[in-house]
Structures are given as structure tokens and as C-alpha cells.
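Q: I'm new to this one, and I'd like a close look at a single part rather than a quick tour. Could you pick a place to start and take me through it slowly?

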Amino acid sequence: MTGRRDLAQRAAAAFPDSRFVWRRSWFDDPGERRARAERRSARGAPVGMWLWSGSEEQLLARVNDVLLRFVHPLVARGLPYCIGFPFAADALARRPLGPADATRLDLEDIGVLLGTRGAARGGDQMGVRRPARRHRGAHAAAPDRAPATIVARAHDDVRLDAAQRAAVEHGRGPARVLAPAGSGKTKTLISRVAELVTRGVDPGGILLLAFNRKAAEQLEERLAARGIATTRRIRGERGLRPAAVHCATFNAFGYRYQREIVAARFMLDTRGAGQRALMKQAMEAAGAAPAVLSPARGSDPVGAFLAAMTRVRAGLEAPEDVEVRIESAGDHPVVTVPFAEVHARYTRAQAVTGCQSFDDQIYLAVADMLADPEHRAYIEGRFDHILVDEFQDLNGAQLALVDVLSRPRRDLFVVGDDDQLIYGWRSADPRGILEFHKRMPPRPWSATYTLCTNYRCSRVVVESSARLVANNTVREHKDVRPREGAAEGALRFAGAPSWPARATALCAFLRAERSRLGCAWRDLAVLCRYRSQQLSVALALDADEIPRTPALGYRLFSHPGAALLRAYIDLAAAPEDMSGDRLCRLLNKPNRYLGNAVVEAVGAAPRPWTHVRRLADSEPAAGRRPLSTLVESVRALGAILQTTASGGSAGELVWAVVDEFALEDYWEGASLDSSGQADDAGALQVLDALLVLAETYPDPTVYLSVWDRLLVDELAHADMADDTLAREEAEEDRVVIGTIHAAKGREYAAIAIPDYDCDVTRWEAAEIEEERRVVYVGVTRARDSALLTIDTSRPYVHPFLRELVERPEPDEHGSLTAWLLDEECPHLRARIAARIAEVETLFPELSPELAAPFSTAQADE
């Protein structure tokens with residue numbers, strides 16, 4: 001259309017009985033202007049008229065603001081309107097899109113919500129709504145519906161507190177429910193589904209997305225208990241929409257979408273062998289083959305490119321923005337390779353083979369929704385209401401899936417807790433929950449509800465965990481309170497300089513809590529920060545004859561750090577027996593800057609160590625003499641080992657090797673191979689675990705024998721699940737041994753966290769805050785009580801542990817000690833003694849007897 005006059009004439013011709021008034025703002029809620037007009041006019045509100053005067057490109061630049069601040073409020077208020085655009089009608093139509101074109105989805109939403117249609121001439125378009133018509137939102141290409149016969153029991157059958165009820169009774173539009181630990185998020189989510197069905201919403205139009213399989217199954221069970229059927233199919237029989245709520249994990253939904261909508265044929269590569277083969281092929285095709293990169297011996301360039309693939313497929317980073325760093329044996333220690341070409345080659349090869357990872361299930365589903373307008377129209381119309389559990393844990397691909405599914409109406413109900421976001425290593429994006437309203441229509445067309453009562457945990461656990469997480473700055477504030485009548489509970493700390501003493505305290509805690517609470521062994525858990533810690537815990541429980549779940553899935557002796565340490569021990573003990581392959585792997589760890597030719601010559605020699613000594617003898621007297629230094633170190637360490645074998649300890653053996661070859665400094669700066677799991681230990685944490693084992697088996701000969709035996713056992717179970725928590729229901733009555741990350745979503749009567757000591761001193765602020773949330777999640781797994789053990793041989797106490805309790809006054813220890821001498825009440829004496837022990841363990845610098853070794857180190861914390 002050519003201008004305002006043209007739009008006015010055409011609007012008047014189309015609706016001769018209506019009055020029209022020009023509006024100018026495209027970035028404000030039009031509702032207030034309409035209310036004032038109605039008050040001034042006895043004839044009712046006129047029809048607002050808007051004409052976009054800019055180009056399509058100018059609209060695209062501001063499209064998000066126009067959609068959220070103008071179009072959504074306009075449609076939600078049911079206002080009559082006449083809107084014109086001076087460009088071709090297909091500008092707002094669906095079209096094939098790529099990940100970089102996602103902004104055009106907002107243009108599509110404007111077209112669908114306003115009901116735009118092409119004009120009779122000129123190629124321009126006009127969106128109209130008659131004054132008497134209430135807009136309900138379009139269901140483009142929506143499937144026919146099967147008759148619904150479900151009758152849900154109303155949420156009045158379930159007790160809801162005021163905050164839960166407010167969330168459940170939310171009207172239309174997007175809603176965010178902040179649900180702290182133990183606040184009843186699952187009950188709220190299920191009650192919301194029941195509320196929608198009670199209102200008359202078609203159950204077949206409801207999609208409920210869960211984060212993992214167990215959560216999805218639990219949701220299905222709870223819906224069934226409320227009389228609400230569920231389905232695992234997107235398409236029903238004869239193309240009808242099933243008359244049941246669709247419940248799925250994100251991966252399951254991506255799988256079903258590809259099978260039912262795309263009709264794709266693919267295989268899921270659960271072990272990763274197919275992905276490695278594809279990546280190696282893609283690297284070679286892109287000119288980035290390992291032979292070209294000259295990777296350092298022992299490094300894994302294919303694994304580095306697969307890690308970059310995760311950033312793209314899970315984190316939804318653009319391939320053009322991703323670079324891969326490879327440890328190189330060439331002139332430069334690190335080589336940086338652009339990832340875009342390798343990703344393109346991988347994608348083409350993947351289309352041929354059909355090999356997919358778990359990340360691909362979601363990523364490829366989203367990619368098809370964007371690329372195929374018909375599929376996108378179908379899936380947007382297939383579901384009317386989207387509900388999402390554990391929203392804080394969503395990565396970029398999962399957020400993109402939710403974004404597409406909830407368009408254009410945004411009837412989206414998400415439940416989560418930013419204080420429990422501990423999956424940053426999986427590309428979980430905190431902006432998903434923290435910036436929810438930035439991507440949604442403004443209030444009052446969207447809402448946030450905060451659940452404030454923790455129904456799970458005791459008073460002490462609730463208050464202590466809240467005190468801890470309040471130290472984070474990037475979070476939503478929540479005034480979390482224990483339920484009325486909650487048990488007092490307890491948070492205890494056991495400090496000792498040796499692991500056997502701390503293990504004794506841990507076992508005593510488990511026995512005492514089982515007796516006090518009258519619970520089964522299986523209702524107690526030991527939650528480790530790292531999987532490598534599980535073995536020491538298992539051995540301690542075995543020694544105390546406490547039944548436990550198998551400590552499977554840990555990675556300790558097969559970790560590259562442990563393998564390197566053991567290789568140096570064996571080299572010092574018997575250098576002539578060292579194989580060429582093992583010797584080659586340690587020659588440049590730490591880096592001695594030996595070229596590949598030298599390393600390969602050593603590996604190929606009939607007697608590798610003899611060859612090293614010959615090369616050392618040929619080194620010049622002046623300048624760098626790396627091999628001569630290595631030979632001297634091995635000779636000196638061999639003498640130390642002989643002394644250790646005749647009367648030293650296993651711990652002394654380990655430290656002798658670490659110190660002689662500067663392994664601690666090397667591990668602090670090196671990036672050793674890792675599976676990428678947040679509860680996988682780095683080399684320094686592995687060293688800690690090996691030293692704990694040395695305390696358990698102090699005799700060096702026995703220690704190395706146990707090491708060999710446990711390595712064989714570890715490798716034999718390497719293909720088993722990462723963690724036993726998922727199978728605990730099928731186990732006998734045993735204490736659960738697992739990790740904090742694996743325990744998320746679970747609860748126990750009492751828990752113990754052994755030797756938490758994650759070094760965050762060199763981390764970025766966001767990483768530190770996530771790590772604090774890890775401790776928060778661990779502590780809140782306890783319904784009643786928790787124990788944290790502390791290694792007091794170290795001259796500091798971790799700040800997160802201190803943050804769990806009230807910081808004592810400078811003279812509090814002395815005051816409490818004097819009070820204890822005079823107090824006669826047994827109950828008060830017990831509480832005073834517990835506080836004194838807490839101060840002495842967590843704040844030793846405030847205790848006169850313990851202050852000296854701690855004051856300087858803790859002051860520098």
C-alpha cells in the first residue's frame with residue numbers, strides 16, 4: 001500500500017460500520033490508549049490503525065520489540081485493529097530457515113498472530129480484526145483432534161499452598177515458576193496439567209517435557225494417578241491428535257519427531273565409536289587430519305573436535321565461532337583450528353550414515369523444524385500448551401526446541417530453580433531461566449511465581465543451604481523457609497588430619513543416623529564431589545561392614561594423571577623393564593621439548609631405556625640437557641625407592657615421584673584427557689584420591705599391589721553406567737555411594753559429603769557460583785541431617801563450607817568455652833559443645849589452640 005490514505009480507504013471499504021483512529025507507536029502496549037478512548041466516547045473504542053513506514057529490513061531489526069511489546073499485548077487484549085505493511089506479503093510467511101535465521105521466526109509470529117493476508121494489489125499486506133471478534137491465535141496446519149474423554153480430578157484433591165496454587169491457576173501466556181529444593185515443583189507441574197484439563201483444554205494439545213527418563217516416567221505415573229492419560233506418540237492413528245498428554249524427555253521428543261515427522265532412518269551411537277569414525281573422516285576431508293596437525297603424543301585431537309561438536313550441537317554455538325585447540329609436537333605447543341569446515345564435512349557424512357549422538361537427537365530435530373516450514377507449522381499447531389520441568393538445566397539446543405514449540409502463542413509453563421543449575425559443563429545456559437522474561441511478552445502478559453516453602457528438609461538444612469547460596473550474585477532472590485513443624489535436623493562437620501580418622505567419623509555418622517532416624521541403609525547416601533573419591537569411601541564402608549552399593553563408573557587408576565604417576569614409579573623402580581610405548585608417553589610429560597623423531601626412535605629401540613641413556617650421553621655439556629636430567633632424576637628416585645621399601649610409606653613414595661618430576665606444577669597447567677563430566681576428577685583430584693588410598697594401605701608393596709588389582713577391576717567395569725544411583729531401587733538395602741551431580745533430583749534421610757575441597761581460586765566468577773550451587777544441591781539432598789568431612793592437615797578450610805554456618809564473632813570461642821563450664825542443662829551443653837566444635841573445625845584461626853597454622857593461609861583466602 002502506498003500510504004496512510006490508501007490503508008484508510010481500504011479499511012473503510014472493508015468495514016464501513018467501524019471508526020478508525022491512527023496510532024503511531026509500534027513499541028508500546030496499545031491497551032491504555034484504548035481505555036482512554038472508551039472513556040471519552042459513548043460509541044465505544046475505535047479501531048486502531050497502524051502503518052509500518054519502514055522497510056522489511058528495518059522491521060527485522062526491531063522485530064523482537066514489535067512482537068513482544070506491541071503485537072502480543074494487542075492480541076492478548078482482544079483489541080480491534082487494522083495494520084498495514086508496505087512490502088510483499090511473503091515477508092511474514094513461513095520460509096525455510098537455518099540456525100542463523102531464527103530471528104525471522106518473530107516475523108512469522110507477527111503474521112500468524114495478526115492474521116495478515118495479502119492485499120488485492122501492489123503486493124503489500126494488511127492485518128485486520130473486526131471489533132466484535134476475539135482473536136484466539138492461529139493453528140497453522142494443526143492436526144485434527146480425536147474426541148477427548150479424559151476427566152481429570154481437580155487440583156482441590158491435592159493440597160497446594162498459596163504460592164503453588166497461584167502458579168497452578170495461572171491464566172494464558174508464559175509463566176516461570178521458581179521452585180527451590182523441596183518446594184513441591186513436581187506436584188505443582190502435575191496440578192497445572194490437571195488444571196488445564198479441568199478448564200477444558202484438549203489433553204492432546206499438552207506437551208510435558210522432562211529432563212531425564214526417570215523424571216518423565218515419574219510424571220507419567222503421577223498423571224495416571226490423577227486420571228490423566230499420557231501418550232508417547234506425536235502423530236495419532238489416521239493423523240488424529242492423540243487424546244492424551246504427550247510426556248517425553250527432550251531426547252525422546254527429538255527421537256520421536258525424527259521418526260514420525262521426518263521419517264528419518266538413523267542409529268543412536270551410545271558408545272561414541274561411530275562419532276569418532278565420522279569425525280576422523282571429516283577432519284581428513286577438511287585438511288585437519290592428525291597427520292597434518294602433528295599432535296603431541298598422548299593427546300586426542302579427534303576428542304578435541306568432538307568436544308567442539310558438543311558446543312555446536314548442545315550449546316548451539318555457531319560453527320564459524322568455534323575454534324579447536326590441539327596440543328602439538330610441532331614448532332608451536334598449541335595449534336588452533338577453525339571448526340566450521342570440519343563441522344560441514346561431518347554433517348554431510350552423518351546424513352549418509354545416519355549415525356547420531358544424544359545431542360544430535362535434539363539438534364537435528366530443531367534443524368528440521370527450522371528448515372521445513374510445513375513441519376514447523378505442524379509442530380506449532382500440534383501442541384497448545386508446553387510445560388517444562390528442570391528448566392534451569394536446558395542447554396542451547398533444548399531452549400531452541402522449546403522456543404519453536406511454544407510459538408506463536410507462548411502458552412509456556414516452565415518450572416526450575418536457578419540455584420540448582422549445576423550442568424554448565426553440559427552447556428546448560430543460565431540465561432534460559434534468569435532471562436526468561438526478556439524473550440517473552442512483558443508483564444502482565446507473562447508472570448513469575450516463586451515457591452518459598454521447603455517441604456523436604458529440616459530447619460537446619462534449609463537455613464544452612466540458603467545461607468550458602470545467598471553468596472551468589474547472579475540469581476533470583478528467594479525467601480525459602482522450612483515447612484511448619486519441620487524437624488530441627490543437623491549439619492555436622494568432622495575434621496581430622498588423616499583419612500582413616502575421617503572415614504571412621506563418616507561410618508559412625510551413618511550408623512548413628514540409621515539408628516536415630518529408624519531408616520533403612522538405602523535411605524542414607526555418601527555423595528562425593530568426584531567419582532574418583534567413591535573408591536576410598538567404598539573401602540572405608542567395607543572395613544566397617546556397612547553394606548553399600550557397588551562403586552562402579554569411577555575413573556581413578558585409568559585416569560591419565562594416575563597412569564602417568566604410575567609410569568614414573570615403575571620407571572624409577574625398574575627402568576630397563578619399561579616398554580617403549582609407556583616410556584614414549586612420559587618423555588614429554590612434563591614437556592621436555594623432545595621432537596617426534598627422538599620420541600619415536602626411543603619407542604622403536606629394542607631396549608628403550610638404554611637408548612635414552614645413550615642419547616643423554618650424547619647431549620652437549622652446555623645448554624639444555626633434558627634426557628640427561630631425566631636419567632639423573634630416575635637414578636636419584638631409584639635410590640629413594642629402595643629406602644622407602646625398607647621402611648617408608650606409600651604416601652612418601654607418591655610424593656617423592658611427584659616432587660622429583662614436578663608433576664604437581666605440570667598438572668596445574670596441563671589439560672589432561674577428560675570425559676567432560678562435571679564429576680570427573682582432574683589430575684590433582686586424582687592425586688588426592690591416590691594419597692587417601694596410600695593412607696589406607698601405607699605399605700608401598702601392598703599399595704602398588706592393590707593399585708594393580710583395582711585398575712583391573714576398574715577397566716572391567718568401564719562400560720557400565722557412570723553411576724549406580726539410577727539402579728538403587730533394584731539394589732538390596734545398602735548405603736548409596738554416588739556423586740552430587742548424579743544425586744540431583746533425589747533425596748535421602750541423611751547424607752555425607754566426604755572431603756569437599758574443590759579449588760576455585762583460578763576460576764571465573766560464573767564457574768565459582770556454579771560450584772557453590774553444587775554444594776547447595778548436595779546438602780539439600782538430606783531430609784534431616786548432613787555430615788561434611790574436612791582434611792585438617794591442610795592449612796585452610798574451604799570457603800563454601802564456612803558459608804554454610806553463621807560466622808562466629810572474634811571472641812565467640814572463648815565465650816562459649818566459659819559458658820560450657822558453667823552450664824548445667826544437658827540440652828544446652830550439647831548445643832554449646834556442637835557450636836564450639838563447629839568453630840574449631842571451620843574457623844580454627846578463631847580458636848587459640850589452633851590459630852597459628854591457619855591464620856596466614858585463611859587470611860589470604
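A: A quick bit of vocabulary to begin with: a residue is called buried when its relative accessible area is under 20%. Keep in mind that this is a predicted model. Leucine 114 sits at 0% relative accessibility, so leucine 114 counts as buried. You'll find leucine 114 in helix 5, which covers residues 104-114. Tyrosine 81 is 33 residues away from leucine 114 in sequence, and their C-alpha atoms are 8.9 Å apart in space.

With that warm-up done, let's spend our time on the sheet. Five strands make up an open sheet with parallel pairing, in the order 19-23-22-20-21. At the edges are strand 19 (490-496) and strand 21 (736-739); each has a single partner strand, so one side of each has no neighbour in the sheet. Going from one strand to the next, the twist averages 20°.

Now zoom in on one pair. Strand 20 (residues 524-528) runs parallel to strand 21, and four bridges join the two. Here valine 526 faces isoleucine 737, which belongs to strand 21.

Helices pack on this sheet too. Helix 19 (residues 499-517) touches strand 19, strand 20, strand 22 (748-753) and strand 23 (782-791). The direction of helix 19 makes about 165° with that of strand 23. Then there's helix 34 (residues 826-842), which lies across strand 19 and strand 23. Helix 34 runs at about 50° to strand 19.

Notes:
Residues numbered from 1 in each chain as written. Predicted model: local features only at pLDDT ≥ 70, side-chain atom pairs only at ≥ 80, totals over all residues. Heavy atoms only, no water. Buried < 20%, exposed > 50% of the residue type's maximum accessible area, 1.4 Å probe, protein only. Pairing = 2+ DSSP bridges. Axes fitted to C-alpha atoms, helices over the stretch in contact; angles between N-to-C directions. Contact = heavy atoms within 4.5 Å.
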